[in-house]
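Here is a friendly walk through the sheets of one protein model, with a stop at a cavity on the way. Please keep the 3D view open while you read.

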Amino acid sequence: MAAKKTTIKEVAAAANVTAQTVSRVFRQNGYVSAETRERVLEVASRLNYVPNRFAASLRTGNAKSIAVIFDSLKNFYFAVMIDYIQRAAQEREYGLQTILVNSHTVTESIYRDAISVGVTAVISFLEVEPEVSDSVNNFGVPIMVFGRRTDYKEIDYITTDDVGGGRLVAERLIARGCKSFLYMSESFGMSCVRDRYEGFSSTLAEHGFTSGIIDCGGGAQHLLGDYVSKNGLPDAIFCFSDMTAFGVLNELKKYDGGENTLVIGYDDISSDVVLPVDLTSVGIDKGAYVKHMISRILDKAESGSTERIAEKAEVRLHIGDTA
């Protein structure tokens, strides 16, 4: 049978103080004499008392924490980035609450759920629905779309220069002598998908080339096979993300081992985690990128500023083994 948890009232009784005094000791808020503080801490340690910070956050409306919204546990990029976010938040003495949703966008109800425990700010890897803007105005808890841009003025965003990243990919592949190209993406409703393709296709056009397009949101296997059967194997494939690129590399093994097609991804996971394949990919210093984002959103939340954050970070091309 689990041991009964010690309550704040039991600590107060044993230390001969009020429950409010015990609360002030652990919240480090309000005057408590050094002698009383020492006595309360000694009793709490002896009775194995653990303060319920979650309950306290509900009372005060400030959990000193950040909510992070994402939509897949299978996307390795989210795991890498959330790890960086956790570390950056801890440096500011904030906790992290991860929220996995069965949605490709943040709805008003998802936003309300995220702020229901009194978080200071919300970070989302997903784009937001327009009605979230009204909720941000009503509740005053900022939401930062991270890694994608948004046109809604009440919603903050910090993202990579996706158009510039697409340009870097096209320039690299053209320099490698490629003549036929394919862009493998997910839904073109996402701003980052459109922006990466814009940079890629416009640079190809400047050199007299075009690119095929595959929406592989449901998986690359049969879609790539259908494309190759109709158009032949392309010289180069630019993938919307590294996760897509790894799937493509596996599928390309069916065609001469995949050695005749160059592949470039986006996110540069290989620079942060040791993987069997060192993928050529567009990326950024993720640690610095996340620290900057955390600093911007928390500074805004703590100050109560209403000034919008809308930034793009410069990217670079990591040259791996695949292009």
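The text below takes the two sheets in turn and then turns to the cavity.

This is a predicted model, in which local features need pLDDT of at least 70 and side-chain atom pairs count only at pLDDT 80 or more, while totals for chains, interfaces and linings use all residues. Residues are numbered from 1 along each chain as its sequence is written, and side-chain values use heavy atoms, with hydrogens and water left out.

**The parallel sheet**

Start with the open sheet of six strands in the order β2-β1-β4-β6-β7-β13, where the pairing is parallel. Strands (E, at least two residues) and helices (H or I, at least four) are DSSP runs numbered from the N terminus, and two strands pair if DSSP finds at least two bridges between them. At the edges of this sheet you will find β2 and β13 (310–313), each pairing on one side only. On average, neighbouring strands here are turned by 20° against each other, direction ignored; the axes are lines fitted to C-alpha atoms, for helices over the stretch in contact, and angles run from 0 to 180 degrees between N-to-C directions.

Helix α12 (residues 286–303) packs on this sheet and touches β1, β4, β6, β7 and β13, where contact means heavy atoms within 4.5 Å. The direction of α12 makes about 170° with that of β7.

Within the sheet, β1 and β2 are linked by six bridges, and S65 has G95 as its bridge partner in β2. To get from β1 to β2 the chain passes through helix α5 (residues 76–91), a right-handed β-α-β crossover. Right-handed means that, with the strands pointing away from the viewer, the path from the first strand over the helix to the second runs clockwise. Further along, S124 stands opposite V145 in β6.

**The mixed sheet**

The other open sheet of six strands follows the order β9-β8-β10-β11-β12-β14, with mixed pairing. Its edge strands are β9 and β14 (316–318), each of which pairs on one side only. Here the average turn between neighbouring strands is 25°, direction ignored.

Another right-handed β-α-β unit is made by β8, helix α9 (residues 191–206) and β9. Helix α9 lies across β8, β9, β10 (236–239) and β11 (262–266), running at about 175° to β8. Helix α11 (residues 242–252) also packs on the sheet, touching β8, β10, β11 and β12, and its direction makes about 160° with that of β11. As for single pairs, S185 stands opposite D215 in β9, and G283 faces R316 in β14.

Four strand pairs from the two sheets are set out here.

| Strand | Partner | Sense | Bridges |
|---|---|---|---|
| β1 (residues 65–70) | β2 (residues 95–100) | parallel | six bridges |
| β4 (residues 121–124) | β6 (residues 143–146) | parallel | three bridges |
| β8 (residues 181–185) | β9 (residues 211–215) | parallel | five bridges |
| β12 (residues 281–283) | β14 | antiparallel | three bridges |

**The cavity**

How many cavities of 30 Å³ or more does the count give? The count comes to one. A cavity is a set of points on a 1 Å grid over the protein atoms alone where a 1.4 Å probe fits but cannot get out, and lining residues have an atom within 4 Å of a point. Grid points are joined across faces, edges and corners, and the volume is the space filled by probe spheres set on the points.

The largest cavity has a volume of about 40 Å³. Its lining consists of R148, R149, T159, T160, D161, D162, V163, D195 and K312. The elements giving two or more residues to this lining are β7 (156–160) and α8 (162–175).

Note on methods. On a 1 Å grid over the protein atoms alone, a cavity is a set of points where a 1.4 Å probe fits but cannot get out, and a pocket is an open set with protein on both sides within 12 Å along at least five of seven lines; lining residues have an atom within 4 Å of a point.
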